[in-house]
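Work through the exercises below with the sequence and the model at hand. Each task is followed by a solution in steps.

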Amino acid sequence: MNTATSSRPSTDWDPRSWRDRVALQQPQWPDESVHEDVLGELSALPPLVFAGEARELTDSLAAVAAGEAFLLQAGDCAESFDTSADSIRDRLRVILQMAVVLTYYTGVPVVKVGRIAGQFAKPRSSDTETVDGVELPSFRGHIVNDVGFTADERIADPTRLLTAYHRAAATLNLLRAFTKGGFASLSRVHQWNREFVADSPAGQRYEALADEIDRAVQFMSACGITSDTLSDLRQVDFYTSHEALLLGYEEALTRQDSLTGEWYDCSAHMLWIGERTRQLDGAHVEFLRGVRNPLGCKVGPTATPDEVLGLCEALNPDRVPGRLTLVSRMGATKVVDGLPPLLAAVREAGHPVVWVCDPMHGNTFTADDGRKTRHFEDVLAEVSGFFAAHRFAGTHPGGVHLELTGDDVTECLGGGSEVLTEDLGSRYETMCDPRLNGSQSVDLAFRVAELLRNGTH
Ligand code: PEP
Ligand code: CO
């Protein structure tokens, strides 16, 4: 593999061509030359993921586009440099638990993609934040500055890009060990779901559903299919993703695949473009159209059919199934009217996209105590509206994109073990958006399963 900056191919794209466009949401580095030195250092480091893995994920997502698999993309809003190994393990555990429930009820494979091992950069609606009359630069994620509200902590520090790379490498190493080393075996994950059903008030209403899965696992085992006899029950494929926001960092980790000669952004398997940076003539679309990783693009309530078709053409001109995932994030009240015209336009144009629902970012509000939160019922209502819109359009609802953690936080309201407004203060730990906690996440998987079972998709 060559480094991103070692050669400029004679196409109209190269890893640096985004630099001629307007790049929104980039930090103001105090000294640009230090930033460029760091990018030079990064471009000499090993890739975090391999082109072949990204191609495998594209193939799995092609199955999602065809309605033959379901995508579960989930993890932190903003990963912290201080995340412990236990917390990484618990995040993975929750995603695996949800995947088992969804696999059983959809009857198709669940493609598991974490917002993890690189989800360090955050777009902000304002460049500064004012508290008690003091104005400081906004927190832009641990890859840029620190969350504390002091002038020092808010200075953009380019050496954090190197820390982000090393944190991502360590996290990925742990994930690879957990997913291939027996931790993820089906019987074990199902046992955690049984514990959720037995131990939590939220879980008790799912006893019948969990019993069915129990019988399926027992049936397989009686037929001799166990994790001892079939390695597929012991290991899972788990992919990484993050918002490709800081284009210098992404460029520095872009490598030319020695097998195919194509460019891959080796910072993660899948990269997505956020709602604030999806301008057709902008630097983010320019950069990502040239790398061959599977891509996501957020689509919010202001997106027009023409804009969405423009994104499909720019990001997937060859109409490769699995290449492009559109992440609808409308809000529970807007999805019903906002999504159908977009689904129809993409369907008519014949673009083979994966449609997934992010029911988090359109449903954020400020609670009475001043904290940003989301209500579990709004999250569920948006998923339900998303399924309904697909039923109406005759298209496949491909999956869900969620912000969650395995930790027992109190950031989102509601769910089976009801988090109330007055509870928000007790364990509100997110550095950015409110996440579903472990119990709310598994609860949501069962609720989505119920929607699927009742034929409301
Ligand atoms: C996010 O996914 O954390 C995010 C900022 O989303 P969006 O771009 O949809 O607002
Ligand atoms: Co977020």
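**Exercise 1.** State where D20 is found and decide whether D20 is buried or exposed.

Solution. In this predicted model, D20 belongs to the segment before α1 (32–43). The cut-off for exposed is over 50% relative accessible area. D20 has a relative accessible area of 70%, so D20 is exposed. For its position in space, take A283: the two residues are 263 residues apart in sequence, while their C-alpha atoms are 7.5 Å apart.

**Exercise 2.** Place D199 and E251 in their helices, and classify each as buried or exposed.

Solution. Begin with D199, which is in helix α5 (residues 186–199). Its relative accessible area is 62%, and therefore D199 is exposed. From the C-alpha atom of D199 to that of T333 the separation is 34 Å, with the two positions 134 residues apart along the chain.

Next take E251, in helix α8 (residues 247–252). Buried requires under 20% relative accessible area. E251 has 3% relative accessibility, so E251 counts as buried. The side chain of E251 also makes a polar contact of 2.9 Å with the side chain of R19.

**Exercise 3.** Find how many aromatic pairs there are, then classify the pair F183 and W192 and the pair Y206 and F446.

Solution. The cut-offs come first: ring centres within 6.5 Å make a pair, planes under 30 degrees apart count as stacked, over 60 as edge-to-face and the rest as tilted. By this rule there are 9 aromatic pairs. One of them is F183 and W192, with 5.1 Å from centre to centre and 50° between the planes, a tilted pair. F183 and W192 are both buried.

For Y206 and F446, the ring centres are 4.5 Å apart and the planes meet at 10°, so this pair is stacked. Now locate the partners: Y206 is in the loop between α6 (201–204) and α7 (207–222), F446 is in helix α13 (residues 438–453), and the pair links parts of the chain 240 residues apart. Y206 is buried because its relative accessibility is 0%. F446, at 1%, is therefore buried too.

A further aromatic group is the cluster formed by W13, W263 and F287.

**Exercise 4.** Which residue lies over the face of W192, and which one has its charged end over the ring of Y428?

Solution. Over the face of W192 lies R93, 5.9 Å from the ring centre. For Y428, the residue is R371, whose charged end is 5.4 Å from the centre of the ring.

**Exercise 5.** Describe the surroundings of ligand 1 and give the side-chain contacts to its oxygen atoms.

Solution. First list the shell: C77, R115, K122, P123, W272, G274, E275, R276, K298, R329, H361 and E403 surround ligand 1. Sorted by type, the shell holds 3 nonpolar, 2 polar and 7 charged residues.

Then go through the contacts. R115 has a polar side-chain atom 2.9 Å from an oxygen atom of ligand 1. In the side chain of R276, an N or O atom is 2.9 Å from an oxygen atom of the ligand. For K298, the distance from a polar side-chain atom to an oxygen atom of ligand 1 is 2.8 Å.

Last, consider the cover: on its own, ligand 1 has 300 Å² of accessible area, and the protein covers 98% of that area.

Methods. Residues numbered from 1 in each chain as written. Chains lettered and ligands numbered in written order. Predicted model: local features only at pLDDT ≥ 70, side-chain atom pairs only at ≥ 80, totals over all residues. Heavy atoms only, no water. Phe/Tyr/Trp six-rings, centres within 6.5 Å; stacked < 30°, edge-to-face > 60°. Buried < 20%, exposed > 50% of the residue type's maximum accessible area, 1.4 Å probe, protein only. Helix = DSSP H or I, 4+ residues; strand = E, 2+ residues; numbered from the N terminus. Lys NZ or Arg CZ within 6 Å of the ring centre and 35° of its normal. Near = heavy atom within 4 Å. Polar contact = N/O pair within 3.5 Å; in protein donor to acceptor, adjacent residues only side chain to side chain. Areas by Shrake-Rupley, 256 points an atom, 1.4 Å probe, with all protein chains shown as cover. Nonpolar A, V, L, I, M, F, W, Y, C, P; charged D, E, K, R; others polar.
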